[in-house]
Structures are given as structure tokens and as C-alpha cells.
Amino acid sequence: MTRFLLPLVVLAGLVALLAVGLRLDPAHVPSPLIGQPLPDFETGLVQGEGRLDAQTLRARGPLLLNVWASWCAACRDEHPLLMELAPHLPIYGLNWKDEQAAARSWLGRFGDPYRASLHDPGGRIGIDLGVYGVPETFLVDAQGVIRYKHVGPLTGAVLEREILPRWRALTQASAS
């Protein structure tokens, strides 16, 4: 009897784990950096000869930091939305594991929504941010603290449900 019962119990356990896993949101990846300042960095820009460091970027908040690459198909999908947002929200880019020439060409072809785009060819800044892949977007407050992270391409629904309410709260808090 137990030789039939044990496999049945194991199977029931696996089915239960699968059922729980199917209810999880794959776009929700918890970040240990929520509530922490942007990690320190200094790097060159995709366009121009200047450099930008974390301290300068922290002082420019609140802002969106969008991690992107020219080789990323999903980045192309979200790009028109970023172009629409650019006149209304300060967006900075982090060009991750990409060739600078390819990134410049991509921005020239599709438009540049970024106030500045940091060049991270080796992916070190992305690693420090806990980037899993591109695209990812971070919401950073006026003190340079990461308040929200979205994994995957931005959509109108994500913008309305997640980003804009948090953005409004941050801008109201920094105005007070």
C-alpha cells in the first residue's frame, strides 16, 4: 500500500508547487535595491564626450532610469512610449552590454528620449543595479533612492498602473 501512496503524495506536492508558481507574476522580480540609493558609478555617455556619475544623477531626481540595448527587440517595442514620455518626465538611459556605435546608430534611427544615456559596455553598472536583462526601468526619487523597478518593456498599462502614480507621489513629495 505504501509503495503506491508515496509516489501519489510526491506527485500531489509537485502539482501544488506548480499551481502556486503559475499564480506568480513573472514580471515581478523583487529587488534588494528598492529603498537604497543608486549604486556608485562613473561612466561615459553613449552620445557626446562627457561622463556622468551616480552622485550627479542622484541629484537630478526624480527620474526614470531605463536600461536598454540596440540588440534588444523588446526595447524597440517600448521605445515609442519612451519617446512620448520624454517631454514630460526626465528619462535617463543605461545602454547595457552594447557597442557604442550600434547604440548611437539605434538612437539616430528611432529617436533619443534620454536626457543622457550612460554607456555600460561591460555590464558592471547593470550588475550593481541587479539587472536581469533588458529592458528594465527604475524610478528614482529626488534623493537618488530607487523606489520602483519594472522588469520588461514598459506598456501603457504599466505606466498607468505602476509608474505614473508613483511618479506623481514623488513629485508631490519633492515639491513639499
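A residue is called buried here when its relative accessible area is under 20%, exposed when it is over 50%, and partly exposed in between, with a 1.4 Å probe and protein chains only. By that rule E42 and R51 are both exposed, and their side chains meet in a salt bridge with N and O 3.1 Å apart, a salt bridge being a side-chain nitrogen of Lys or Arg within 4 Å of a carboxyl oxygen of Asp or Glu. The structure is a predicted model, in which local features need pLDDT of at least 70 and side-chain atom pairs count only at pLDDT 80 or more, while totals for chains, interfaces and linings use all residues. Residues are numbered from 1 along each chain as its sequence is written, and side-chain values use heavy atoms, with hydrogens and water left out.

The count of salt bridges comes to seven. Among them is the pair of D40 and R58, whose closest N and O atoms are 2.6 Å apart. D40 lies in the loop between helix 1 (2-22) and strand 1 (42-44) and R58 lies in helix 2 (residues 54-59), so this salt bridge ties together parts that are 18 residues apart in sequence; helices (H or I, at least four residues) and strands (E, at least two) are DSSP runs, numbered from the N terminus. The two partners differ in their surroundings, since D40 counts as exposed at 61% relative accessibility, whereas R58 counts as buried at 17%. Another salt bridge links D141 to R147, with the closest N and O atoms 2.8 Å apart. Here D141 is buried, with a relative accessible area of 4%, and R147 is partly exposed, with a relative accessible area of 40%. Salt bridges that share partners also join R161, E162 and R166 into one network.

Helix 3 (residues 73-85) brings together a bend, a disulfide and a set of buried side chains. The helix bends by about 40° at H79, and a proline, P80, follows within four residues; the bend at a residue is the angle between axes fitted to the seven residues ending there and the seven starting there. The buried residues of helix 3 are C75, E78, H79, L81, L82 and L85. They pack against strand 3 (63-68), strand 4 (91-96), helix 4 (100-110), strand 6 (136-140) and helix 6 (156-175), where contact means heavy atoms within 4.5 Å. C75 is joined to C72 by a disulfide, with an S to S distance of 2.5 Å, and the count of disulfides comes to one when a disulfide is taken as a pair of cysteine sulfur atoms within 2.5 Å. Both of these cysteines, C72 and C75, are buried. The torsion about their S-S bond is about 85°, so the disulfide is right-handed.

Helix 6 also has a bend, of about 40° at I163, and a proline, P165, follows within four residues. Its buried residues are V158, L159, E162, I163, L164, W167 and L170, and what covers them includes strand 3, helix 3, strand 6 and strand 7 (146-151).

The largest nonpolar core has 47 residues, and those with the most contacts inside it are L57, L65, L118, L129 and F138; such a core is a set of buried Ala, Val, Leu, Ile, Met, Phe, Trp, Tyr and Cys residues joined through side-chain atoms within 4.5 Å. Helix 6 gives the largest share of this core, six residues. Apart from neighbours within four places in sequence, L65 is in contact with L38, L57, Y92, G93, L94, L118, L129, E136, T137 and F138.

Buried polar side chains can be followed from T137, which lies in strand 6 and is buried, with a relative accessible area of 1%. A polar contact of 2.9 Å joins the side chains of T137 and N66; a polar contact is a pair of N or O atoms within 3.5 Å, of which, within protein, one must be able to donate a hydrogen and the other to accept it, and residues adjacent in sequence count only if both atoms are side-chain atoms. Not counting residues up to four places away in sequence, T137 touches L64, L65, N66, E78, Y148, K149, H150 and L154. S117, in strand 5 (residues 117-120), counts as buried at 7% relative accessibility, and a polar contact of 3.0 Å joins its side chain to that of W68.
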